Amino acid sequence: MARVLTPRAEDFPRWYQDLIAKAKLADNGPVRGTMVIRPAGYAIWERMQAEMDARIKAAGAENAYFPLFIPESYLKREAQHVEGFSPELAVVTHGGGKQLAEPVVVRPTSETVIGEFMAKWIDSYRDLPLLLNQWANVVRWELRPRIFLRTSEFLWQEGHTAHATRSDARAYARRILHEAYEDLMVNVLGIPVVVGLKTARERFAGATATYTCEGMMGDGKALQMGTSHELGQNFAKAFDITYSSAEGGREHVWTTSWGTSTRMLGGLIMCHGDDNGLRVPPKLAPVQAYVMVVKDGEGVGEAATKLRDALRDAGVRVALDDRTDTPFGRRAVDAELRGYPVRVEVGPRDLAAGNAVVVRRTDGSKAPTPVADVVGAVLAALEADQQALHDQALAHRESRTIEVATLAEAIEAAATGWARVPWSAVGVQGEAEANGQGVTVRCLLRADGSVPDSEDEPDLVAILARAY
């Protein structure tokens, strides 16, 4: 193929921007820091939404919607929360040609407004747990924007729950972390995430604990793919969210919040993309099989249509490209860029021999295949390549993760990948020193890889890296 993208090894950030533009995934919006998600990119986001929504609902949460505009006074009720978000807030001071009596904040996240309504809706222990989720846009004014990774406006889901006890809240935050987030990222996106606890320095503003899913990108940097937070009783006390207990007393609830966003699209690109474009895992792909007419005539169009229908009947998400007025090479390059997992190329020469060519995006292989066997070959390729993408990403992460003993070694290792280092060798002071050199503690793990309850547990392991 002719070179379409800047090679990843030559300039990874430029490759990323090239891919987004050439694959027609997104464009910069008219206001700095905003983005326009094009149909090809939005189709992938819709698949992410559908898969995530199903998992959230399986965990018992219901979808709702809350306002985009939040009274400024709401944010000020939780001191850590407003302090943490203050630099990123977009504030509306005028509306309808008049100055507003109270400024309103464009939603950066919804703990405060949802807390206000939880206080109205919760009265008794019978009203608990209250499990809510919303799909929405949020605004956080971004000084160094990058499409999908850091934009002033982005799309996400944000879950908010209220529980009778701290243990129930913790269990639910962890359930979402593992059953919704980790499961989606590993088994659908094919990204092998490390799941751990954020340090106090990296914790969500107003939370008592933040859990994270961290993925390694193609250049060895980390990307925070999703987070789940225990909020303790901080917001419950700020918004007077109380309930009557079974014993007749009045108690504050314990709350959680959790979110994933269009940042997952950026992670998908940077984890699986190659020098020919995007590679979309088959379980996620809006188009799993792309049937292409190489050249019309001699029954090619009819054969391609029949293959399209047979694949669709077999449960494959399939599209037919019969645009023979556009050169085949250009169409093939576009298909590579967009990362369709499998192409089925139907041309007069192969069809005369009773074949079509099955092309797999993951490894680039091309196999002439009897027309009668195409559906079976496509199904086998989709299953194999879902696992192959995950395994390649895992091998990449393992090869770029180094066990070290000291902070200095960890900072050095973070130049090319991740470092695993005893948390006791870093600590709060070491974390500040690493931050000064552009390296962050991505998360803390127990020695067996499980998620700790507190950063004060003994023998914890820290993952240090440079990050997006």
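This section describes one sheet with its packed helices, and then the internal cavities, of a predicted model.

The sheet is open and consists of five strands in the order β16-β15-β17-β18-β19, and the pairing within the sheet is mixed. The edges are formed by β16, which covers residues 318–321, and by β19, which covers residues 366–370. Each of these two strands has a single partner, so one side of each is left without a neighbour in the sheet. On average, and with direction ignored, neighbouring strands of the sheet are turned by 25 degrees against each other.

At one end of this order, strand β18 (residues 355–360) pairs with β19 in the antiparallel sense, and the pairing extends over five bridges. Within these strands, alanine 356 stands opposite threonine 369, a residue of β19.

Two helices are described with the sheet. Helix α10, made of residues 328–338, packs on the sheet and touches β15 (289–293), β16 and β17 (342–346). The direction of α10 makes about 175 degrees with that of β15. Helix α12, made of residues 374–399, lies across β15, β17, β18 and β19. Relative to β17, helix α12 runs at about 155 degrees. Edge strand β16 is thus listed for α10, while edge strand β19 is listed for α12.

The model was also examined for cavities, and two of 30 Å³ or more were counted. The largest has a volume of about 60 Å³. Its lining is made up of Glu111, Ile114, Gly115, Met118, His160, Thr161, Leu231, Phe235, Ile241, Thr255 and Thr256. Three elements each supply at least two residues of this lining, namely α5 (111–121), β8 (153–163) and β14 (254–261). Of the elements, α5 gives the most, with four residues. By class, the lining of the largest cavity contains five nonpolar residues, five polar residues and one charged residue.

The second largest cavity has a volume of about 30 Å³. The residues that line the second largest cavity are Arg166, Ala169, Thr208, Glu230, Leu231, Gly232, Trp254 and Thr255. Here the elements that give two or more residues are α6 (166–187) and β14. The lining of the second largest cavity divides into three nonpolar, three polar and two charged residues.

Leu231 and Thr255 appear in the linings of both cavities. Strand β14 likewise supplies at least two residues to the lining of the largest cavity and two or more to that of the second largest.

Notes. Residues are numbered from 1 along each chain as its sequence is written. This is a predicted model: local features need pLDDT of at least 70, side-chain atom pairs count only at pLDDT 80 or more; totals for chains, interfaces and linings use all residues. Side-chain values use heavy atoms; hydrogens and water are left out. Two strands pair if DSSP finds at least two bridges between them. Axes are lines fitted to C-alpha atoms, for helices over the stretch in contact, and angles run from 0 to 180 degrees between N-to-C directions. Contact means heavy atoms within 4.5 Å. On a 1 Å grid over the protein atoms alone, a cavity is a set of points where a 1.4 Å probe fits but cannot get out, and a pocket is an open set with protein on both sides within 12 Å along at least five of seven lines; lining residues have an atom within 4 Å of a point. Grid points are joined across faces, edges and corners, and a volume is the space filled by probe spheres set on the points. Ala, Val, Leu, Ile, Met, Phe, Trp, Tyr, Cys and Pro count as nonpolar, Asp, Glu, Lys and Arg as charged, and the others, Gly among them, as polar.
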